[in-house]
Amino acid sequence: MDISPEVLKRSIESLFRLQEIDAQLFQLNLEEKTIPPEYSEIQDKMAETLKAIKSIERSLRDVDRERRGFELRVLTLQEDLKKAEAKRRDVRNTKEEFAASKEHENFQKKLVETKKALTEKTELTTQKSQQLEEKQKAVKEFEEKFQGLDETRKSRMATLQAEKDKLIAQREAHISQVDEQIFSLYERVQRIRKGNGVALVQGLVCSGCHVSIPPHTRSRLEKMEEIITCPSCSRILYLHSEEIIEHKSFASTSAL
Ligand SMILES: [Zn+2]
């Protein structure tokens, strides 16, 4: 690989930055996937309430139908009772009077029973209607909460997207700085290592695998004349420029 020291330095530095950007992008993507927890909580409560509304509506329909049936029955019985009263007034003998009284009494009894049932059903209808109203009010409240959360979520998403766009642009800029051969080597190592393709060297340790590198490998790395990979993990080794100065000054002080 015949690459000038400048290109080499620039390429590896850019790859190192690229790697940092990819890690940041990974975090942002994770963040994007996590909806605020209250959001799904309200979603569950809303679904539950809507289900309850359907069930109340169904029973309300049934109760109301029964109520209307009793209402009609009361009207009919009131008519029957009137007829029975007229009949009772028209009796010709004791036998007929007895029968008419019996019939009248019967209708009266039935009317009392039916009116009682009608009251019960009317109360139940009112009760169910109130329940329905409460649930519908709850749905409205959930919808309002949703709207509030949606706005927070949308603005957070927009911020995230802006951060991502900025990083993606930086990423492209860094890639354009990398020599093609070095980039393909980087991609190869990334595939093998399933992640970072460049590792920082700190002292004599590769930060990718935490294994020491031989001192002569470090000297070659400092010269920046060739691409050096870690003997144990194959990652492209990278040395911060400050590291070079620090190490050199350390070496010169220790030589004194
Ligand atoms: Zn290593």
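Reader: What makes the set that holds Leu15, Val198, Val201, Ile236, Leu237 and Tyr238 a nonpolar core?

Author: A nonpolar core is a set of buried Ala, Val, Leu, Ile, Met, Phe, Trp, Tyr and Cys residues joined through C-beta atoms within 7 Å. The largest such core here has 19 residues, and the six residues just named have the most contacts inside it. Two or more residues come from each of α1 (5-33), α4 (180-193), β1 (198-202) and β3 (236-238), with α1 giving the most, four residues. Helices (H or I, at least four residues) and strands (E, at least two) are DSSP runs, numbered from the N terminus. The model is predicted: local features need pLDDT of at least 70, side-chain atom pairs count only at pLDDT 80 or more, and totals for chains, interfaces and linings use all residues. Residues are numbered from 1 along each chain as its sequence is written.

Reader: Which residues does Tyr238 touch, and what makes these contacts?

Author: Two residues are in contact if their C-beta atoms, placed from the backbone, lie within 7 Å. Leaving out residues up to four places away in sequence, Tyr238 touches Ile12, Phe16, Val198, Ala199, Leu200 and Val201.

Reader: How do you know that β1 and β2 pair?

Author: Two strands pair if DSSP finds at least two bridges between them. β1 and β2 have two bridges, in the antiparallel sense, so the criterion is met. Cys206 in β2 is the bridge partner of Val201.

Reader: Why are β2 and β3 placed at the edges?

Author: The open sheet has three strands in the order β2-β1-β3, with mixed pairing. β2 (205-206) and β3 each have a single partner strand, so one side of each is left without a neighbour in the sheet.

Reader: Why is Lys194 called exposed, and what is Ser234 called?

Author: A residue is buried if 20 or more other C-beta atoms, placed from the backbone, lie within 10 Å of its own, exposed if 12 or fewer, and partly exposed in between. Lys194 has 6 within 10 Å, so it is exposed. Ser234 has 17 within 10 Å and is therefore partly exposed. Lys194 lies in the loop between α4 and β1 and has a positive phi of about 50° although it is not a glycine. Ser234, in the loop between α5 (215-223) and β3, has a positive phi of about 70° and is not a glycine either.

Reader: What is the radius of gyration of the chain, and what would a compact globule have?

Author: The radius of gyration is taken over C-alpha atoms, and the globule rule is 2.2 Å times the number of residues to the power 0.38. For 256 residues a compact globule would have a value near 18 Å, but the chain has 43 Å. The C-alpha trace spans about 145 × 35 × 30 Å along its principal axes.
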